[in-house]
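Q: Please take me through one part of this model in close detail, covering its partners and its surroundings. I'd like one connected account rather than a list.

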Amino acid sequence: RLASEFVLLRKLGHGAMGSVFLARHRLDGAQYAVKIVPFFARPSQPAHALAQEAERVLREVQALSRLNHRNVCRYYNAWVETDWASLA
């Protein structure tokens, strides 16, 4: 979805949870700040570790959805990207 709907223009910053990019939406032409939070499931990863990682990422999304501050970009939505090859 990221590659098909957005054109990444430049990196704005990064933190412990991921990186933020300035992106242009291909359909509406508007610019958005897109935060990419990596989440990888490895076959060798124990189920409890995978569940903890998924919970951590979900908490990040939930916190952003509730955040309302004049110095923070507005949250619009989130999705899980499954086609990482398209981002290369």
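A: Ser19, in strand β2, is the bridge partner of His14, and that pair is a good place to start in this predicted model. His14 closes strand β1, which spans residues 6-14, while Ser19 opens β2, which spans residues 19-25. The two strands form a hairpin, with four residues between them. Their pairing is antiparallel and runs over seven bridges.

Now follow β2 to its other neighbour, strand β3, made of residues 31-36. Here too the sense is antiparallel, this time over six bridges. One pair to pick out on your screen is Leu22 with its bridge partner Ala33 in β3. The β2 and β3 strands also make a hairpin, with five residues between them, and within this hairpin Gly29 adopts a positive phi near 75 degrees. So β2 pairs with β1 on one hand and with β3 on the other, as the definition of pairing asks for at least two bridges between two strands.

How much of β2 is covered? Five of its seven residues are buried, which makes the strand mostly covered. For comparison, 16% of the protein's 88 residues count as buried.

Phe21 is a useful residue for seeing what surrounds the strand. Leaving out residues up to four places away in sequence, Phe21 touches Leu8, Arg10, Lys11 and Leu12, along with Tyr32, Ala33, Val34 and Ile36. Phe21 also belongs to the largest nonpolar core, a set of six residues that it shares with Leu2, Phe6, Ala23, Val34 and Ile36. To this core, β2 and β3 each contribute at least two residues. Val34 and Ile36 therefore appear twice in this picture, as contacts of Phe21 and as fellow members of its core, where membership rests on burial and on side-chain atoms within 4.5 Å.

Stepping back, where does β2 sit in the whole chain? The protein has two helices and three strands, and the order along the sequence is α-β-β-β-α, with β2 as the middle β of that pattern. The C-alpha atoms fill a box of roughly 40 × 30 × 20 Å along the principal axes. Among contacts with a separation of 6 or more, 23% join residues 24 or more positions apart. As for the outside, the accessible surface is about 6700 Å², and carbon and sulfur atoms account for 55% of that. The side chains include 12 positive and 7 negative ones, and the centres of these two sets are 8 Å apart.

Key
Residues are numbered from 1 along each chain as its sequence is written. This is a predicted model: local features need pLDDT of at least 70, side-chain atom pairs count only at pLDDT 80 or more; totals for chains, interfaces and linings use all residues. Side-chain values use heavy atoms; hydrogens and water are left out. Buried means under 20% relative accessible area, exposed over 50%, partly exposed in between (1.4 Å probe, protein chains only). Contact means heavy atoms within 4.5 Å. Accessible areas come from the Shrake-Rupley method with a 1.4 Å probe; for residues, only the protein chains shown count as cover. Lys and Arg count as positive and Asp and Glu as negative; His and the chain ends are not counted. The place of a charge is taken as NZ of Lys, CZ of Arg, CG of Asp or CD of Glu.
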